Amino acid sequence: MTGVDDVLSWRLDDLREVATRLETLSDRLVDAAGRSLRACGADPEWSGSTHDAALTQTLVVGSSLGRSAHAIDTAADAVRSRTSVLADIQTTLRERVELARSQGYTVAADGTVTHPDPAKRTDARYLAGRIRALLTEADMADRLLHDIVTDAVGHLDGSGDRVTLPDGTTQTPAEAADRLRSLPTILRRSYWESLSQHEKDRVITASSAVVGNLDGIPFDDRVAANRYTMLMRADTTSDPDERERLESMLDDRRAFLAYEPDAGGRFVEIVGDLNASSTGVAVFVPGTGTAGDDADALRRRAVALNEKTGSPVIVWADSEFPQSIVAAPWKAPLKTTAVDPRLAVEAAPRLKQFVDALDTELAVAAPRAATTLIGHSYGGTIVGTAEQLGVRADRVVYASAAGTGALPGEWHNAAPDVIRYSITPPGDVIHYAQEAGTPLHGGDPDDADGVIRLDSGYLSPPTNTGIVGCWRAGTPIRRIWTTPTRMRSMPSRASSGATTPIVTSNVCPICTRSTTRTRHSTTVSVSTQSSPAASSSTASSLRSRRSCGDRRCPAGAEPELSGAVGTMGAMSLFSDHSSVRLAAVTAVAAAGLVVSGCALPDEARTDVSWSSTAIDGHSIVEDAPVTSASPSPVEPTTPIEPATPTTGPASNALATLETIPVKGRAPKTGYTRSQFGKGWIDDVDVEGGHNGCDTRNDILRRDLIDLTTKPKTRDCVILTGILDDVYTGKVIDFQRGETTSNAVQIDHVVALSDAWQKGAQQLTADERKSFANDPLNLQAVDGPTNARKKDGDAATWLPPNRAYRCTYVSRQIEVKASYRLWVTKAEKEAMQRVLAAC
């Protein structure tokens with residue numbers, strides 16, 4: 001307890017001075033935030049991506065300063081008010097002590113009162129009680145002030161148990177997540193980024209389903225939150241089909257920007273890295289039939305486009321899509337069919353909001369990247385409707401699109417120099433929808449003003465029966481024939497308003513007998529000859545080839561299309577339902593021309609025949625840098641050799657590292673989690689195996705303290721405990737439960753996917769099970785941090801806690817050596833750098 005002399009010696013005037021200085025500091029922080037924000041808008045001539053990035057960061061800093069100012073104000077008010085309470089206690093205590101001593105009483109430091117006259121013993125006890133009561137009150141007031149100041153400091157550095165809101169008040173992490181919903185997108189991002197990592201992790205753990213689906217949250221944090229949600233879902237679902245889908249979606253290389261399993265399986269997935277070197281990004285909106293179980297199939301198409309362009313591709317399926325073109329009223333409501341535009345009207349605002357959030361992300365992460373929107377089939381109507389609502393995209397591709405938009409009025413794309421393209425392959429049944437669906441879905445994008453129609457080739461012209469050739473031999477498709485030499489004039493971007501005739505859909509079919517087919521896929525053989533560009537300089541040569549349009553392919557052969565369709569043939573993306581899937585594939589082909597901002601190659605290739613549309617000899621995408629799909633790493637001219645420790649564990653790890661082979665990463669083909677056994681099992685021949693407890697509980701028991709266990713489980717199932725997390729340095733309270741267990745996850749120090757690509761494919765099934773359950777390779781860690789690691793090796797991910805990196809890398813080396821795995825060159829160099837500093 002606080003003593004008498006302690007209270008009497010308090011220098012309370014110093015506390016009042018502290019309160020005054022805190023108030024001054026708070027005022028300065030608020031003023032600095034305001035001046036920074038005003039400076040961003042001071043120059044009306046300053047605009048563009050740099051301005052947007054600066055404004056975004058200024059809002060982040062301003063929000064952080066505002067929160068800090070509020071915390072400091074709270075501390076100042078607490079110091080001032082509690083100082084008054086302490087002053088009253090000090091004054092009263094001083095008066096009573098001085099009075100007692102003046103009457104001959106002795107007052108000890110602990111409040112004991114004595115008098116040499118036995119007759120005054122009762123009075124002494126009474127005085128002692130009064131003084132001790134004041135000491136107790138002083139102690140409580142002192143502790144309360146300490147707690148208030150400590151709490152304010154926690155608000156400043158984000159280390160407290162509660163989360164500070166934009167207005168400076170504090171709430172629980174779950175309440176903070178709910179508050180995020182109500183903020184505008186740009187303020188949502190600035191508030192989120194003003195939080196400490198500790199606060200972010202707490203909000204994600206409490207409400208991952210909210211954070212993962214909020215536009216405005218930075219992409220990395222959305223990915224971590226959605227992975228957390230999937231892990232919880234996979235841990236609790238009893239549906240084997242859902243568990244299998246989640247296992248695929250939890251592949252370490254997949255990243256989801258949205259995931260709503262209870263809303264029809266809505267999702268948004270990004271394929272490829274979005275960083276400062278990115279020159280473009282595509283947002284692909286698929287069509288009829290899209291649902292949550294299409295995530296894998298749509299990813300494959302996105303991966304193919306990403307590999308072709310080198311640019312990240314986002315599959316946007318964050319809304320309800322029609323599941324059939326038409327349906328009997330008693331089988332499905334009209335609204336859920338593709339002939340009805342209402343789902344497009346509902347989806348378009350969500351798409352616009354997402355693209356707005358993407359713009360904010362690009363301003364920070366990839367300021368040079370151009371955005372391409374791709375709408376296929378019904379997705380074209382969604383994209384067109386979003387354009388009517390004012391979405392901003394540098395390029396828009398209408399690929400076999402059902403229409404130009406379901407709302408009345410014109411496009412209002414916010415990008416001043418937007419370029420629009422359309423492509424519809426011949427024989428696609430979408431032609432009927434484009435012709436007949438104008439009142440519902442808008443006009444035909446192929447005929448819309450200002451839209452550049454990309455070359456998709458054409459099939460042989462109709463006979464007098466109106467039947468044309470098609471992709472399936474002997475199964476002709478009826479369609480409205482468009483004259484091969486159809487001409488259209490549009491302004492030339494290269495000649496300042498002049499018009500140049502553009503020849504479209506004018507590539508003659510080439511017959512080939514090398515086409516092969518299976519039940520589920522069709523690979524179109526692509527000629528090695530290069531098709532001429534449809535520019536003004538070659539228009540006459542194209543027109544001169546019209547005579548070949550009357551040619552029909554002989555029996556057993558099929559027409560082969562060059563240009564964009566030929567590109568997709570080389571990519572081998574055809575699948576069943578050829579007329580529909582051909583359109584989907586052509587959509588990706590068209591995107592491949594524009595997503596990365598690259599001009600089309602003008603040289604002949606041995607694997608694909610290209611056909612470009614040009615205006616006055618210029619590519620449809622001008623002034624665009626060529627981006628390689630697979631850039632080669634830049635090797636330093638003079639490699640820097642790390643210093644090598646001569647003694648200790650680091651030197652042992654380095655010596656072991658030299659015995660591990662260095663090879664390239666093998667393909668990930670065939671990898672699934674089940675290749676390493678079905679989850680956490682006990683039937684393994686490693687430490688802890690066959691002990692009656694599963695591996696997860698074994699590791700929790702090893703790495704946590706203050707454990708409680710579930711009754712009647714032989715102390716096997718861990719209910720609660722405390723984790724001193726080696727990855728972050730944080731202390732985490734673990735509590736077993738449906739929504740809380742994933743706060744602590746068991747990490748494979750060497751990720752399973754990384755191991756699969758570096759030698760584990762050659763291990764036996766039993767060896768892989770041992771690898772996945774070996775305590776040497778397992779560590780209980782912070783859940784959100786583990787989600788961010790994915791399948792990274794030492795070259796791409798290290799624990800945020802630098803003090804643990806030496807141990808972490810040493811364990812990776814020991815694990816890889818024990819299981820005969822290899823390392824890549826970059827991985828080995830990263831390990832050497834870490835160990836050199838140990």
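## A residue between buried and exposed

A residue is buried under 20% relative accessible area, exposed over 50%, and partly exposed in between. V339 has a relative accessible area of 31%, so this valine is partly exposed. Keep in mind as you look around that the model is predicted.

V339 sits in the loop that links β8 (313-317) to α12 (342-365). Together with I325, V326 and L334, V339 makes a nonpolar surface patch of about 360 Å².

## The chain as a whole

Let's step back for a moment. The protein chain has 838 residues, and 51% of them are buried. Its secondary structure comprises 25 helices and 27 strands. Among contacts with a separation of 6 or more, 70% link residues that are 24 or more positions apart.

The accessible surface comes to about 37900 Å², and carbon and sulfur atoms contribute 52% of that area.

## A three-stranded sheet and its helix

One open sheet to find in the viewer has the strand order β23-β24-β25, paired antiparallel. Both β23 (704-709) and β25 (731-735) are edge strands with a single partner each, so one side of each has no neighbour in the sheet. From one strand to the next, the twist averages 5°.

Four bridges join β23 to β24 (residues 718-724) in the antiparallel sense. Within this sheet, T709 stands opposite I718 of β24. Helix α20 (residues 695-703) lies across β23, β24 and β25, and runs at about 130° to β23.

## Salt bridges

Side chains of opposite charge can pair when their charged atoms come close. This structure holds 41 salt bridges. One of them joins R342 to D340, with 2.9 Å between the closest N and O atoms. R342 has a relative accessible area of 42% and is therefore partly exposed, whereas D340, at 6%, counts as buried.

Another salt bridge brings E387 and R420 together at 2.8 Å, N to O. E387 belongs to helix α13 (residues 378-388) and R420 to strand β11 (residues 419-423), so the pair ties together parts 33 residues apart in sequence. E387 and R420 are both buried.

## A shared network

D793 and K758 also meet in a salt bridge, at 2.7 Å from N to O. D793 lies in the loop between α23 (783-789) and α24 (805-818), and K758 in the loop between α21 (752-756) and α22 (765-773), so this pair ties together parts 35 residues apart in sequence. D793 is buried, at 3% relative accessible area, and K758 counts as buried at 0%. Through salt bridges with shared partners, D793 and K758 belong to one network with R665, D754, K816 and E827.

Definitions and conventions
Residues numbered from 1 in each chain as written. Predicted model: local features only at pLDDT ≥ 70, side-chain atom pairs only at ≥ 80, totals over all residues. Heavy atoms only, no water. Patch = residues over 30% accessible without salt bridge, like charges linked within 9 Å, V, L, I, M, F, W, Y side chains within 5 Å. Areas by Shrake-Rupley, 256 points an atom, 1.4 Å probe, with all protein chains shown as cover. Salt bridge = Lys/Arg side-chain N within 4 Å of Asp/Glu carboxyl O. Helix = DSSP H or I, 4+ residues; strand = E, 2+ residues; numbered from the N terminus. Buried < 20%, exposed > 50% of the residue type's maximum accessible area, 1.4 Å probe, protein only. Pairing = 2+ DSSP bridges. Axes fitted to C-alpha atoms, helices over the stretch in contact; angles between N-to-C directions. Contact = heavy atoms within 4.5 Å.
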